[in-house]
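This report describes how selected helices and strands are arranged and which residues surround the ligand. Please read it alongside the sequence and the structure shown below.

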Amino acid sequence: MTDHDAPFAECPHSAQDVDLFGPGAPEQWYNAYDVLHREAPVLCLPGEGLTPDQDAYILTKYEDISRVVKNWERFPPTLSLLVKQIEVAGKLPQEMPDLDAMIISICSLRPTPELWRTHRQELTDPWVGPGASRHEEMITGHVDHLIDGWVHRDSVDFIKQFARPLPQRTMASILGFPLEDIAQLEIWGNAQVMSYVHGCGHNNKLTDAQTREKFRLLSGFGEYVRAKTLEKRAAPQDDMISFLTQVRYEALDRKLTDEEINGIVYAMVIGGLETTQYAIAEQAQLICERPGLFQRLKNDRSLIRIFIEEGMRLRSPTQGLSTRITSRDERFQGVDVPAGSTLHLRWGAANIDPDAFEDAKQLKLDRKAATRHLAFSAGPRVCPGAGLSRLEQTIAWNRLFDRLDDISYGADNDFLHQPGIMLGTLKLNLNITKA
Ligand code: HEM
């Protein structure tokens, strides 16, 4: 998948060999995408839809995925079925087992596409979207603090000592959590993303035992957020939770409840940690694999913007998600897809689709419209944290180029990846030369 030899898992030669979800699958993802683009750009997973008599389809073409994400009505989020079910059942989502805080708050704050947009504009944009620029100084402080910890050495465990703690510290500062709580927040954060790592198949299904374990590990998180919310409601500070306790949500013409704030915080933690970690870790590998790239970027910082976009395009952190369904019969690349089918959107493949990008597998620092990739998705549900992640990545690389003269692969890297649907390199040792 990268420029290294895949250490295990068979390289797929035809569409029948492709398995994007089994053990070792991430090591072959990029070989599999070549096969799928060539032979089966729309791959049916029989009986793997919402019910056993429905199918799921893996979409790998840029054209198809952008069409899907931009049209909510024809391709509604799978979640909207759940929201409808809850409305019809007349039950309070709080009474339903296995629903997390984020889903509960979606039911009350943004059940429709219009409210989804308002939610983003009024509640998250000022903190993690376009308004993220207010965090520049705070993020620079965290970046420098982390680099201080290892810059005097010859090597660094880049994920453990930089790429992972940076988004953890940033998110804690934004939400208004003390940095001392990060160890506990990491345990809760890992529980939240459990299905994306240990879940089975295209829709990340956890077994009943895993679901129980997830909720066991998560216990205390809701209480923690509620306690912080209470504190901040009484004495607001300059942080996102304080803001959420005070803001009037215009769409509903009222303030948010503690439970709703809990749901928004849950979404920030689930979305805001690993994704940015993976982006930065992949960018470091792209640099190590291209002699001269470190110097080129160090000497011309205006290229960092395109570099990070190309990094996310070539090695997309979120490789695929089964989050849409077809509301009517559809046809993709000549393949009929009946109404009610589940769509697995394979962002990682769409982003290297040769029909969408010239020299699709090359990192090109002069690429036109470099943000056209779908790493953050697009349309009404586009990632609300893209602004923050881009800022973190930009500051991280600017300061790394300021403080280092070079990086290269260190010892003991096996370049293996975690299971699931995220592109997560497990370990990355780098040799460094201090500036
Ligand atoms: C490189 C970093 C990131 C990548 C690649 C990424 C990617 C994505 C993708 C592909 C989606 C699905 C959108 C869809 O279904 O159409 C998504 C949704 C989401 N992302 Fe991100 N994301 C990143 C960083 C962040 C950050 C920093 C935050 C929070 C501060 C965040 C919060 C969310 C949330 C809450 C959602 C769910 C949608 C919603 O609630 O509105 N993400 N992201």
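Residue L321 has L345 of β9 as its bridge partner. The model in which this pair is found is a predicted one. Strand β9, residues 342–345, runs antiparallel to β6, and three bridges join these two strands.

**The four-stranded sheet**

Strands β6 and β9 belong to an open sheet of four strands, ordered β1-β2-β9-β6, in which the pairing is mixed. The edges are occupied by β1 (42–45) and β6, each of which has a single partner strand, so one side of each is left without a neighbour in the sheet. On average, neighbouring strands of this sheet are turned by 30 degrees against each other, direction ignored.

**The three-stranded sheet**

A further open sheet consists of three strands in the order β3-β11-β10, and its pairing is antiparallel. Its edge strands are β3 (155–157) and β10 (404–409), and each of them pairs on one side only. From one strand to the next, the twist averages 30 degrees. Strand β10 is joined by five bridges to β11, residues 429–434, and these two strands run antiparallel. Within this pairing, I407 stands opposite I432 of β11. Helix α15 lies across both β10 and β11, and it runs at about 90 degrees to β10.

**The surroundings of the ligand**

Helix α15 and strand β6 also appear in the shell around the ligand: together with α14 (258–272) and α19 (386–403), each supplies at least two residues. The residue ranges are 274–288 for α15 and 321–325 for β6. In total, 24 residues surround the ligand, and the closest are G271, G272, S377, C383 and G385. Helix α14 gives the most to this shell, with four residues. By class, the shell comprises 14 nonpolar, nine polar and one charged residues.

**Helix packing**

Three helix pairs are described here; the table lists their packing angles and axis distances.

| Helix pair | Packing angle | Distance between axes |
|---|---|---|
| α4 (residues 101–109) and α14 | about 125 degrees | 7 Å |
| α3 (residues 78–89) and α4 | about 70 degrees | 10 Å |
| α9 (residues 182–192) and α11 (residues 208–218) | about 155 degrees | 8 Å |

Helix α14, which gives the most to the shell around the ligand, packs against α4 at an angle of about 125 degrees. That angle makes α4 oblique to α14. The crossing of α4 past α14 is left-handed. On the α4 side, the residues in contact are A101, M102, I104, S105, S108 and L109. They meet E259, E260, N262, G263, I264, Y266, A267 and I270 of α14. This contact of α4 with α14 divides into eight nonpolar, four polar and two charged residues.

Helix α4 also packs against α3, at an angle of about 70 degrees. The two helices α3 and α4 are therefore roughly perpendicular. In this case the crossing, of α3 past α4, is right-handed. Residues L79, L82, V83 and I86 of α3 make the contact with I103, I106 and C107 of α4. The contact of α3 with α4 has seven nonpolar residues, no polar and no charged ones.

Helices α9 and α11 pack at about 155 degrees, with their axes 8 Å apart. These two helices are therefore roughly antiparallel to each other. Helix α9 passes α11 in a left-handed crossing. Their contact involves I187, W188, A191 and Q192 from α9, and K214, L217 and L218 from α11. By class, the contact of α9 with α11 has five nonpolar residues, one polar and one charged.

**Connections between the regions**

Several elements recur in the descriptions above. Strand β6 stands at an edge of the four-stranded sheet and supplies at least two residues of the shell around the ligand. Helix α15 likewise supplies at least two residues of that shell, and it lies across β10 and β11. Helix α4 packs with α14 and also with α3.

Conventions. Residues numbered from 1 in each chain as written. Predicted model: local features only at pLDDT ≥ 70, side-chain atom pairs only at ≥ 80, totals over all residues. Axes fitted to C-alpha atoms, helices over the stretch in contact; angles between N-to-C directions. Parallel < 35°, antiparallel > 145°, perpendicular 65-115°, else oblique. Left-handed = near helix turned anticlockwise from the far one by under 90°. Contact = placed C-beta atoms within 7 Å. Nonpolar A, V, L, I, M, F, W, Y, C, P; charged D, E, K, R; others polar. Near = placed C-beta within 6 Å. Pairing = 2+ DSSP bridges.
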